Amino acid sequence: MRAVDGIDFRVNSGETLGIVGESGCGKSTTGLAVLQLIQPSAGEVKFDGRSIVGLPQGENRRLRQHMQMILQNPYSSLNPRMRVSDIVAEPLRNFGVSNRGERFDQVQQLLERVGLSADHMKRFPHEFSGGQRQRIGIARALALRPKFIVADEPVSALDVSVQAQILNLLLELKEGFNLTYLFISHDLSVVRYISDRIAVMYLGEIVEIGAADAIYAAPLHPYTQALMSANPDPDPHQRRKRIVLQGGVPSPIDPPSGCRFHPRCPLAEARCRQDKPEFRDLGGGRSVACHLVD
Amino acid sequence: MPEPERDLNAAVQPLLDVRDLSTSFFTSAGEARAVDGVSFTLRHGEVLGVVGESGSGKTLTALSVMRLIDPPGRITGGSVRFNGEDLLQKSERYMRSVRGRTIGMIWQDPMASLNPVKRIGDQVAEALRLHGEAIEGGGNRRRTMSRDQLNARVVSLLRTVNVPDPERRTREYPHQLSGGLQQRVMIAMALACEPSLLIADEPTTALDVTIQSQILELLKHIQRERNMSVMLITHDLGVVAETCHRVHVMYAGQIIESADVVELFDDPKHPYTVSLLRSVPRHDTRRGDLVAIEGKVPELTALPSGCSFHPRCAHATETCRAQEPGDFDLPAGHTVKCHLYA
């Protein structure tokens with residue numbers, strides 16, 4: 001099964017690239033492959049201009065300092081038997097900050113940076129709310145001063161009022177730490193809010209990529225159009241014509257011929273069933289994989 | 001969605017009239033007032049949204065209406081008039097004839113609601129049998145439907161909810177269906193007895209957004225066609241904006257604001273509603289515009305004094321800390337539980 005199939009994209013230094021798509025589209029797999037947490041069966045990942053696929057273990061480990069991850073579920077991604085100070089200090093310990101006092105100072109600073117206080121250091125994860133736990137996970141990801149962070153659905157498990165806290169924190173930290181984000185989410189509104197550029201994935205492929213504002217102003221791929229029209233907008237005046245797609249996402253074990261979206265595409269033509277559309281650069285940073293887009 | 005029809009009957013008596021409904025859970029940590037004096041009405045053909053964050057009491061309000069509260073929880077007061085009859089005064093036997101027959105229910109997780117070892121067709125047939133729809137004829141000629149008649153009815157129900165190839169699906173098990181199809185089956189079961197009220201608790205939360213829009217379109221279509229009343233419980237303000245006529249916002253077990261949908265989104269009054277609307281991104285939100293609500297939803301066993309929202313409220317005064325606000329009626333059918341509007 002090809003969970004992610006021949007995708008090309010780049011994340012420019014200092015930007016946030018959002019990857020959006022429905023379950024099973026390969027967005028999380030993409031994040032894991034970028035971090036070398038799973039080995040891609042083919043293809044290349046370059047970080048800072050250097051290929052990082054198949055590096056020897058030692059070098060791969062050194063790379064981890066620069067690339068970190070924030071996970072979706074703040075309940076399962078923190079060890080319930082470790083104190084907050086140990087959770088946040090663990091990367092420091094693993095990467096050579098051997099002085100206890102120095103680690104303590106750094107952990108304290110990190111916690112304050114993410115909106116927690118030094119009083120929280122000796123507590124266990126269960127003593128915190130979901131939003132606070134996500135802050136702990138963010139402090140841990142920041143501990144080694146990475147350049148690049150993959151955030152996989154970092155606000156999906158949180159209540160709406162808390163989502164905004166975490167999104168604003170991520171934006172603020174990006175400036176403060178000069179971070180580059182790969183932000184993965186199923187939620188179009190959230191992705192739009194945080195991203196400079198957006199990649200839309202469907203069934204293991206990127207179908208459209210471009211500047212966030214440009215894509216939201218005028219989505220080109222029929223899937224992007226449907227996805228955006230399906231996204232409920234909290235504004236009762238926005239009664240757009242909704243494009244309701246038929247059926248569900250097919251199995252990636254036996255993907256459709258030609259364009260993978262053709263069985264659900266309201267505009268599909270004969271050639272869409274036979275020929276796989278090329279992922280074409282339309283200029284202005286926009287690329288689309290669709291026969292019908294000029 | 002068009003406004004519900006205001007026929008004469010509806011003007012006289014709402015379908016559902018809930019007054020001062022309270023439900024508490026009695027735990028070792030003390031009494032948790034999960035539903036705290038909730039009052040609302042639901043008219044014939046109206047789609048009512050109940051919106052709130054986790055722990056706000058929206059699901060427990062629905063469960064209390066259905067009298068599905070298990071110990072250590074207990075309904076501690078109020079009335080639930082459905083078609084004029086107070087359900088809280090009725091026998092359990094009477095309730096069984098209401099649940100699934102005159103009031104249909106669908107839940108968030110269809111996989112957890114369907115029996116994994118029973119074929120789809122048998123489960124839908126069971127809904128028909130249990131709720132008395134598998135009987136045809138009247139008086140002395142009453143008899144249960146034949147197997148073939150029952151099957152035909154099941155297939156036609158599945159067709160109503162747009163399940164493709166329904167004959168084949170009746171022979172399949174829940175795990176062979178996608179999440180969207182499972183939810184369609186749940187809707188078919190809820191509709192089996194043509195209920196006058198459908199309670200839908202986060203019916204699309206577990207689904208992908210393109211599937212969510214299919215299910216919402218289906219619910220809207222059925223609602224309009226049958227002039228059914230719907231109580232839609234959700235945390236998603238977008239879903240509310242697109243589906244509901246009227247909205248109740250819940251916080252810490254209470255309805256803190258009610259209004260028609262456009263009025264609520266255009267002119268929210270309660271500071272919690274105002275903040276909630278500003279904390280979710282919409283099509284025109286610019287980066288940096290999201291305003292988070294600081295703090296978190298309070299524990300029900302340790303509610304703040306006065307107004308439950310006061311520790312998170314920018315406008316809180318001494319009065320808010322000391323006194324619980326009452327409900328204040330504003331123009332345009334807008335009600336708000338906040339001292340600012342006293």
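**Rings, a sheet and an interface**

Lys90(B) lies over the face of Tyr94(B), 4.8 Å from the ring centre. The term has cut-offs: NZ of Lys or CZ of Arg must be within 6 Å of the ring centre and within 35 degrees of the ring normal. Chain A offers a case with an arginine: Arg61(A) sits over the face of Phe95(A), at 4.7 Å from the ring centre.

A word on the ground rules. This is a predicted model, in which local features need pLDDT of at least 70 and side-chain atom pairs count only at pLDDT 80 or more, while totals for chains, interfaces and linings use all residues. Residues are numbered from 1 along each chain as its sequence is written, chains are lettered from A and ligands numbered from 1 in the order in which they are written, and side-chain values use heavy atoms, leaving out hydrogens and water.

Now look at rings that meet rings. A pair of aromatic rings is described by the distance of the centres and the angle of the planes. Rings of Phe, Tyr and Trp (its six-membered ring) pair if their centres lie within 6.5 Å; planes under 30 degrees apart count as stacked, over 60 as edge-to-face and the rest as tilted. Over all chains, a search of the whole structure finds 7 aromatic pairs. One of them joins Tyr202(A) and Phe261(A), edge-to-face, with 5.1 Å centre to centre and 80 degrees between the planes. This pair links distant parts of the chain, 59 residues apart: Tyr202(A) is in strand β7 (residues 197-202) of chain A, and Phe261(A) is in the loop between α9 (222-230) and α10 (270-274) of chain A. Helices (H or I, at least four residues) and strands (E, at least two) are DSSP runs, numbered from the N terminus. Both Tyr202(A) and Phe261(A) are buried. Buried means under 20% relative accessible area, exposed over 50%, and partly exposed in between (1.4 Å probe, protein chains only).

Why is the pair of Tyr251(B) and Phe309(B) called edge-to-face? The ring centres of Tyr251(B) and Phe309(B) are 5.2 Å apart and the planes stand at 85 degrees, so the pair earns that name. It too links distant parts of its chain: Tyr251(B) is in strand β11 (residues 246-251) of chain B, and Phe309(B), 58 residues apart from it, is in the loop between α12 (271-279) and α13 (318-322) of chain B. Tyr251(B) and Phe309(B) are both buried. Back in chain A, ring pairs link Tyr202(A), Tyr223(A) and Phe261(A) into a cluster.

Next comes the sheet in chain A. It is an open sheet of 8 strands, in the order β4-β5-β6-β1-β7-β8-β10-β9, with mixed pairing. Strands pair if DSSP finds at least two bridges between them. Which strands stand at the edges? They are β4 (67-70) and β9 (280-283) of chain A; each has a single partner strand, so one side of each is left without a neighbour in the sheet. From one strand to the next, the twist averages 20 degrees. At one edge, 3 bridges join β9(A) to strand β10 (residues 286-288) of chain A, and the two run antiparallel. Arg280(A) has Val288(A) as its bridge partner in β10(A).

Follow the sheet to β4(A). Gln68(A) is in this strand. Is Gln68(A) buried or exposed? Gln68(A) is buried, since its relative accessible area is 16%. Leaving aside neighbours within four places in sequence, Gln68(A) is in contact with several residues, among them Leu35(A), Arg140(A) and Val150(A). Contact means heavy atoms within 4.5 Å.

Some loop residues deserve a stop. Ser41(A) is in the loop between α1 (27-34) and β2 (46-47) of chain A. Its relative accessibility is 83%, so Ser41(A) counts as exposed. Gln36(A) lies in the loop between α1 and β2 of chain A. Gln36(A) is buried, at 5% relative accessible area. Its phi is near 60 degrees, a positive value in a residue other than glycine. In chain B, Pro71(B) and Pro72(B) are joined by a cis peptide bond, with omega about 10 degrees.

Finally, the two chains meet. Chain A gives 41 residues to the contact and chain B gives 44 residues. Together they bury about 3600 Å², 51% of it on carbon and sulfur atoms. Buried area is the accessible area (1.4 Å probe) that two parts lose on being put together, summed over both. Tyr193(A), Pro234(A) and Arg242(A) supply 19% of the area that chain A buries against chain B, more than any other three residues.

Key: Axes are lines fitted to C-alpha atoms, for helices over the stretch in contact, and angles run from 0 to 180 degrees between N-to-C directions.
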